[in-house]
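Hi everyone, thanks for coming along. I'd like to walk you through one structure today, so let me put it up on the screen.

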Amino acid sequence: MSVKYVPVQWNMNKWLYDAVLIAFVVIYIIVFLRLGAPQADFTRPTDGQIVRMRAFGSCAFLMLTVILCIGPLARLDRRFLPLLYNRRHFGVLTTIVAFTHATYVYGWYYNFTPMARYEAMIASNTSFGQILGFPIEPFGIFALFVLAVLAATSHDFWLSFLTAPVWKRLHLLIYPAYIALVLHVALGYLQDTKNPTFAILFASGALLVAILHVAAWRQDRLRSADSEWIDLGPPSEIPENRARIIQLRGNERAAIFRYDGKLSAVSNACAHQNGPLGEGRIIDGCITCPWHGFQYRMADGRSPEPFTETIPTYALRWNGDRVELNRNANLPGTYVDPLRLSEGSQ
Amino acid sequence: MAAMILLTGQIYLAVGALVALPFLVVGLGRIDENAQNTWVFRPMLIPGVLLIWPLVLWRWIVLETGRADEPARHRPPLTWQPRLTLTLAVLLPFLIFAALVIRQDGPFERPAVQLEDGL
Amino acid sequence: MNQSQDEPFFIGWAAPPDLLRPFLAGVALGLLLLAGVFAYLVSATQDDPGDGAFMGRAVAHGVLQTDPYPVLHVVESERYEPGTPLILSGNGKIGVRDRASKVDGQYVRAAGTKLERGDLSGLQLANGMNGLRPADGAIPQIETDDLGRWRLTGEICDGKCLIGAMRPGRGLAHKACANLCLAGDVPPVFVATDKVDGSEFFLLANADGQSLGDTMMDYTAIFIEAEGRVEKRGNLNIFFIEEDTVKVIR
C-alpha cells in the first residue's frame with residue numbers, strides 16, 4: 001500500500017456521518033439551554049456557566065455511552081457496522097464537547113481565586129480518604145486526558161506507526177476512561193440532584209453499556225461453540241508421545257498427539273480396522289495403532305514407505321494459550337504443519 | 001504539591017515539543033514512506049506526539065535501528081479484551097448501585113438537639 | 001468471526017449497500033431524537049438553586065466584628081434592616097480579614113454589592129477605602145446570648161456562594177469552589193436542617209471561637225452532624241463546632 005497521508009480522507013459517507021454527529025451535538029445543546037432550562041423549577045435561574053457545564057458534561061457522557069454501545073451492537077447485529085467505521089470522528093467530537101465542559105468548569109469554579117487556576121484545580125479538594133466528597137476532578141481530568149490521547153492518535157498514521165497491537169492497547173484505555181467518567185458523575189452531580197430523573201437516565205445509559213457488552217460476549221461464545229474451530233484447552237493436558245481423543249460430529253473422532261514439543265491431529269480411526277489410534281503411542285517417530293501395530297506419520301497421516309495407508313489429518317491453531325482444532329478433516333494423507341508448543345500463549 | 005504536579009505536566013509537554021519538532025520534520029519521512037513529501041497532515045500529529053512522546057520515541061528508535069518485529073503487527077487481537085469488557089460490565093452496575101446507596105437524600109427532618117442549657 | 005452468506009457485508013470505505021440505507025437513516029433519526037429527549041429531560045429537571053443572588057449596590061453603616069470572621073451589624077442602611085448581620089467578603093473567593101481587623105469593633109461605612117438568600121445577608125465589599133472605612137457614629141452594644149450546646153445536622157458552605165454569588169452555591173459539584181472560598185478566608189456558614197432561635201444559618205467558628213482555617217475541608221458540601229455551643233451575637237447565630245464530634249450522616 002502506498003497511499004500518501006492526507007489530513008482526513010473524506011468521502012460522501014463521512015460527510016453524512018459527521019453531519020449527523022454535529023446535528024446531534026447542536027440539537028442537544030440547544031434543547032438543553034433553550035427548551036429544557038426555562039422549564040426547570042428555578043426560583044431564580046441557575047448560573048449560565050453552570051447550566052452550560054451541565055449541558056456539555058451530560059452531552060459528553062451521552063456521546064461516550066453511545067460510542068461504547070456501537071462496538072457490541074455491531075457484533076450483535078452486523079447492520080450497525082457502518083457506525084463502527086468512522087467511530088473515530090465520533091470520538092474526536094466527544095473530546096471537543098468534553099473539553100468545552102472542562103473549560104466552563106475551569107473558568108467558573110476555579111476562577112476568581114488568588115491561587116493560580118490550575119493549581120486551584122488540583123489543590124482545592126484533597127479529601128482522598130473518604131467516598132462522599134472524594135475529589136471528582138482527577139476522574140474527569142483522567143477521562144479527558146484519555147479522550148485527548150485517543151483523539152490525537154486517531155489518524156491512520158498512528159495505527160501504522162504504532163502497529164495495530166500497540167494502537168489497540170492504547171485505545172482500550174477508553175474503558176478505564178468510561179469508568180472514570182462514571183465515577184466523576186456518580187460522586188459529583190449524581191449526589192447533588194434531588195430530582196431522580198437524572199439518576200435514572202445516567203444509570204440507564206451506563207447499564208445499557210454493561211448489558212450490551214455482556215450480550216455481545218455471550219453471542220461470541222455461542223458463535224465460537226458451533227464454529228468450525230473447537231477449543232481443546234491448554235496443550236499441557238496431553239501427555240508426551242500420547243494423544244487426547246475428542247468427539248466430533250457423529251462417530252468422527254480426532255486424536256491430538258504431543259511429541260518433540262509439537263502437536264499434530266489425525267483421525268482416531270486406523271485405516272486397517274478402525275482401531276483407536278488415540279489409545280496408541282508414538283514409537284519410532286510414528287503413531288502406532290494399539291490393535292495391530294499399523295503406523296502413521298503425525299504430520300501427514302501417511303504410513304512410512306513402503307506402506308501406502310493414509311488417514312485424515314486436522315488443522316490446529318493457537319487461541320492465546322489454548323489449542324483449537326478445525327473440525328473439518330483434511331483429505332487422508334494431507335500434510336499439516338505441526339503446531340509448535342513454543343509458539344503458544346502469546 | 002499541586003505546583004509539583006503542574007510542573008511535572010509542563011515538563012512532560014515541553015519534552016513532547018522537543019520530540020515533536022525533529023520527529024515531524026525529519027523522522028517521519030525516514031520511517032514511513034507514505035509520509036514522504038506530505039506536509040499538510042503533519043501538524044495534525046503534534047498533539048499526539050506531545051501526549052505520547054515516550055511511545056513515539058520508542059517506535060522511532062525501533063524503526064530507525066531496524067529492530068522492528070514486523071510479524072508482530074499481524075498478531076491476532078488481544079485475547080484479554082473480553083475480560084476487560086466483562087470487568088467493565090461488572091463494575092458499572094456495582095459503581096452506580098454503590099453511588100446511589102451512599103446518596104444523602106436530603107432534605108433531612110433532623111431536629112436540632114439541645115444538649116446543654118445556655119449560661 | 002463467522003460470516004454466513006445471508007448477512008450483509010459492509011466494506012468500510014465503500015458506500016453502504018442500498019438495503020442498509022433505510023436502517024441507517026432510522027438509526028440517525030433515533031440518535032438525534034435521543035439527543036433531544038435526553039437533553040430536555042436532564043435540563044428541565046435541574047434542581048432549584050435557591051433564591052440567593054447579587055442584589056445590586058448597597059451601602060451600610062454599623063459595627064464591625066472581625067472574630068471569628070468579619071461581620072457587620074447594620075445600624076443604618078437604605079438596603080438592609082437595622083440589626084441585620086452582614087457576612088463580609090472581598091472581590092472573588094477571598095475574605096476581608098486584613099482590612100476588617102484595622103477597624104475591628106469600630107463604627108464603619110461598608111459599601112459594595114448586596115448578597116441575599118432568605119434571612120441571610122451578605123456584602124461583597126468594594127476595594128480599598130471605598131469598600132470599608134471608619135465612620136462617625138455611636139457604637140451600639142451588640143448583645144451576646146449563650147444558647148447552650150447543640151447537636152446540629154447540616155452542610156458547611158462558604159458564606160459567599162451560598163448567599164448568592166453562585167447559583168447553586170452548595171452541594172458536591174460545588175465542593176472544590178467552596179473549599180477555595182474557605183481557603184481564601186471567606187466566612188463559612190453552616191446550613192442546618194432545623195432552626196435554633198429562629199435561624200437555620202450559623203456562622204462557623206472552632207470550639208475556641210477562632211476561624212476554622214482549613215480544618216473542615218473534608219466535611220464541606222456534604223451533610224454532617226456536629227456538636228458545639230451556639231451563641232447569638234446581635235441577630236447572628238454562631239456555631240462553635242467541635243471537630244471531634246463531626247460525623248458524616250447516612
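Let me start with a question: how many bridges join E4(C) to strand E5 of chain C, and in which sense do the two run, parallel or antiparallel? Six bridges join them, and the strands run antiparallel. Before I go further, please keep in mind that this is a predicted model.

Let's stay with that pair for a moment. E5(C) covers residues 120-125, and within it Leu120(C) is the bridge partner of Arg117(C). E4(C) and E5(C) make a hairpin with two residues between the strands. For those of you who like backbone torsions, Gly118(C) in that hairpin takes a positive phi near 55 degrees.

E4(C) has other partners as well. With strand E1 of chain C, residues 53-65, E4(C) pairs over nine bridges in the antiparallel sense. If you want a spot to click on, Ala53(C) stands opposite Glu116(C) of E4(C). Then there is strand E6 of chain C, residues 132-134, which is joined to E4(C) by three bridges and also runs antiparallel to it. There, Arg109(C) has Arg133(C) in E6(C) as its bridge partner. As for the general background, strands of a sheet pair through backbone hydrogen bonds, either parallel or antiparallel.

So is E4(C) mostly covered or mostly open? Mostly covered: of its eleven residues, 107-117, eight are buried.

Now let's zoom out to the whole of chain C. The chain is divided into domain 1, residues 53-134, and domain 2, residues 144-248. Taken over C-alpha atoms, the centres of these two domains of chain C are 19 Å apart. Where they touch, domain 1 of chain C brings 22 residues and domain 2 of chain C brings 24. On the domain 1 side, the elements giving two or more residues are E1, E2 (71-77), E3 (85-89), E4 and E5 of chain C. That side of domain 1 divides into ten nonpolar, six polar and six charged residues.

Over to the contact between chains A and C. Chain A puts in 57 residues and chain C puts in 53. Which helix of chain A gives the most to its side? That's H1(A), with eleven residues. Among the elements of chain A supplying at least two residues are also H2, H3 (81-84), H10 (189-192) and H11 (196-225). By residue class, the chain A side holds 28 nonpolar, 19 polar and ten charged residues.

H1(A) also packs against H2(A), so to speak, within its own chain. The axes of H1(A), residues 12-36, and H2(A), residues 48-76, come within 10 Å and cross at roughly 145 degrees. The crossing is right-handed. From H1(A), the contact uses Val25(A), Tyr28(A), Ile29(A), Phe32(A) and Leu33(A), while H2(A) offers Val51(A), Arg52(A), Ala55(A) and Cys59(A). These contact residues divide into eight nonpolar, no polar and one charged.

Last stop: a sheet in chain A. Three strands form an open, antiparallel sheet in the order E1-E10-E9. E1(A), 229-233, and E9(A), 316-319, stand at the edges with a single partner strand each, so one side of each has no neighbour in the sheet. From one strand to the next, the twist averages 35 degrees. E9(A) and E10(A), residues 322-326, pair over four bridges, and Arg317(A) stands opposite Glu324(A) there. That's my tour, and thanks for listening!

Methods
Residues are numbered from 1 along each chain as its sequence is written. Chains are lettered from A and ligands numbered from 1 in the order in which they are written. This is a predicted model: local features need pLDDT of at least 70, side-chain atom pairs count only at pLDDT 80 or more; totals for chains, interfaces and linings use all residues. Two strands pair if DSSP finds at least two bridges between them. Axes are lines fitted to C-alpha atoms, for helices over the stretch in contact, and angles run from 0 to 180 degrees between N-to-C directions. A crossing is left-handed if the near helix is turned anticlockwise from the far one by less than a right angle, and right-handed if clockwise. Two residues are in contact if their C-beta atoms, placed from the backbone, lie within 7 Å. Ala, Val, Leu, Ile, Met, Phe, Trp, Tyr, Cys and Pro count as nonpolar, Asp, Glu, Lys and Arg as charged, and the others, Gly among them, as polar. A residue is buried if 20 or more other C-beta atoms lie within 10 Å of its own, exposed if 12 or fewer, and partly exposed in between; C-beta atoms are placed from the backbone. Domain bounds come from an automatic or database domain assignment.
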